[in-house]
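Subject: Handing over the model, with notes

Dear colleague,

I am passing on the structure we spoke about, and my notes on it follow below. Please read them with the coordinates open beside you.

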Amino acid sequence: MLHILFSHAAKATFTQAFQETIIPFSGEVIVSEPYLQLGSLVDERKRMKELSVIFGIKAGEEERGALLKQFQQQVVKIQDAVNRGHEITFWVGEEAADEIAMMYLIEELDLVNQATCLSLNRVRGPLLVRELPPERLEAHFLPIELSSDAIRQLQLTWNELKKEESDLRIRRADFIYDHLDYSYYDSKLLTLMEENEESLVAKLVGEIYGREPHLPFPFFLWRIMVLVEMNTIEWVEKMEDAMMSKVMIRK
């Protein structure tokens, strides 16, 4: 069995569970985390450029191309499992990143005349897949086989999603999303700051990430930097490690 995860942070949990035989099932684990909730879905090179800005990576065209190649290699590895008829289970939490990454893979894979069984293992509730402890995996392992009709519907949803070109895709219900601008969370960040009071950047990022864990925490650090560039807030104490810096609302 091949288990597809959409969070690198989740892999250690599965590896430990399989090595220690904590659970009655095992298999190979592949992680694909393309962060498709962020940036363009139409132009992948444009999206790589946007992600390098959001994650604060000084990457040139060559580095972005290498990252794109890495994502494509993951598809090739999964396609090989499909060709060999392996059972494949997608572990999907209630967040846009998981759902969209799964739809992307299904669209990229050649499933015609293949005997592979594709299953969706939906992790419901407040816990994200990356937050599951090893001993809890069995309780959340309730895969449902994806029928041909279900796969076709997911492919249609993916194609419709690409037409709604936006900065952010935030999950509202199963495979239904709100399409927002990058600036959407700026006001939420500002509400965490007291007027005329200094705020530690790490505290701001931690608080909003705790409320909005479906977005990677570097996104919120980037938005703080954008707010500084817009002169909405200002540095009070700027450190080499931006998270240890202090900011305040500009008077």
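In which helix does Y209 lie? Before the answer, a word of caution: this is a predicted model, and everything below should be read in that light.

Y209 belongs to helix α7, which covers residues 201-211. With a relative accessible area of 26%, Y209 is partly exposed, because that value falls between the 20% under which a residue counts as buried and the 50% over which it counts as exposed. Once its neighbours within four places in sequence are set aside, Y209 is in contact with R130, L215, P216, F217 and F220. K58, by contrast, is 151 residues away from Y209 in sequence, and the two C-alpha atoms are 23 Å apart in space.

Two of those contacts, F217 and F220, lead on to the next element, for helix α8 spans residues 217-229 and packs on a sheet, where it touches β9 and β10. The direction of α8 makes about 105° with that of β9. The sheet in question is open and has three strands in the order β8-β10-β9, paired in the antiparallel sense. Its edge strands are β8 (199-200) and β9 (233-237), each of which pairs on one side only. Between β8 and β10 (residues 246-249) there are two bridges, and these two strands run antiparallel; S199 has V247 of β10 as its bridge partner.

A second open sheet has five strands, ordered β2-β1-β3-β4-β5, and its pairing is mixed. Here the edges are formed by β2 (28-31) and β5 (144-145), each pairing on one side only. Across this sheet lies helix α1 (residues 8-19), which is placed over β1 (2-5), β2 and β3 (88-92) and runs at about 175° to β2. In the loop between α1 and β2 sits T21, which has a positive phi of about 45° although it is not a glycine. T21 counts as exposed, at 61% relative accessibility.

At the other edge of the five-stranded sheet, β5 pairs with β4 (residues 118-122) in the antiparallel sense, over two bridges. One residue of β4 that I looked at more carefully is S119, whose bridge partner in β5 is E145. Is S119 buried or exposed? At 4% relative accessibility it counts as buried, because the cut-off for that class is under 20%. Leaving aside neighbours within four places in sequence, the contacts of S119 are E87, I88, T89, F90, P143, I144, E145 and L146.

Strands β6 (residues 168-173) and β7 (residues 176-180) run antiparallel and are joined by five bridges, with A173 standing opposite I176 of β7. The hairpin that they form has two residues between the strands. One residue in the loop between β6 and β7 is F175, and its phi is near 60°, a positive value in a residue other than glycine.

Turning to the helices, α3 (residues 61-83) and α4 (residues 96-108) pack at an angle of about 65°, with their axes 10 Å apart, and α3 passes α4 in a right-handed crossing. On the side of α3 the contact is made by V75, I78 and Q79, and on the side of α4 by Y104, L105 and E108. By class, the residues of this contact comprise four that are nonpolar, one that is polar and one that is charged. V76, which also lies in α3, is exposed, with a relative accessible area of 58%. V76 and E108 are 32 residues apart in sequence, and their C-alpha atoms are 9.3 Å apart in space.

Finally, there is one annotation to pass on. An unreviewed UniProt entry carries the annotation "domain: DUF3658" for residues 145-241. In the model, the C-alpha atoms at the two ends of residues 145-241 lie 46 Å apart, and the span is 47% helix and 20% strand.

With best wishes

Note on methods: Residues are numbered from 1 along each chain as its sequence is written. This is a predicted model: local features need pLDDT of at least 70, side-chain atom pairs count only at pLDDT 80 or more; totals for chains, interfaces and linings use all residues. Side-chain values use heavy atoms; hydrogens and water are left out. UniProt positions are given in the numbering used here, feature names are shortened, and annotations may be inferred rather than shown by experiment. Helices (H or I, at least four residues) and strands (E, at least two) are DSSP runs, numbered from the N terminus. Axes are lines fitted to C-alpha atoms, for helices over the stretch in contact, and angles run from 0 to 180 degrees between N-to-C directions. A crossing is left-handed if the near helix is turned anticlockwise from the far one by less than a right angle, and right-handed if clockwise. Contact means heavy atoms within 4.5 Å. Ala, Val, Leu, Ile, Met, Phe, Trp, Tyr, Cys and Pro count as nonpolar, Asp, Glu, Lys and Arg as charged, and the others, Gly among them, as polar. Two strands pair if DSSP finds at least two bridges between them. Buried means under 20% relative accessible area, exposed over 50%, partly exposed in between (1.4 Å probe, protein chains only).
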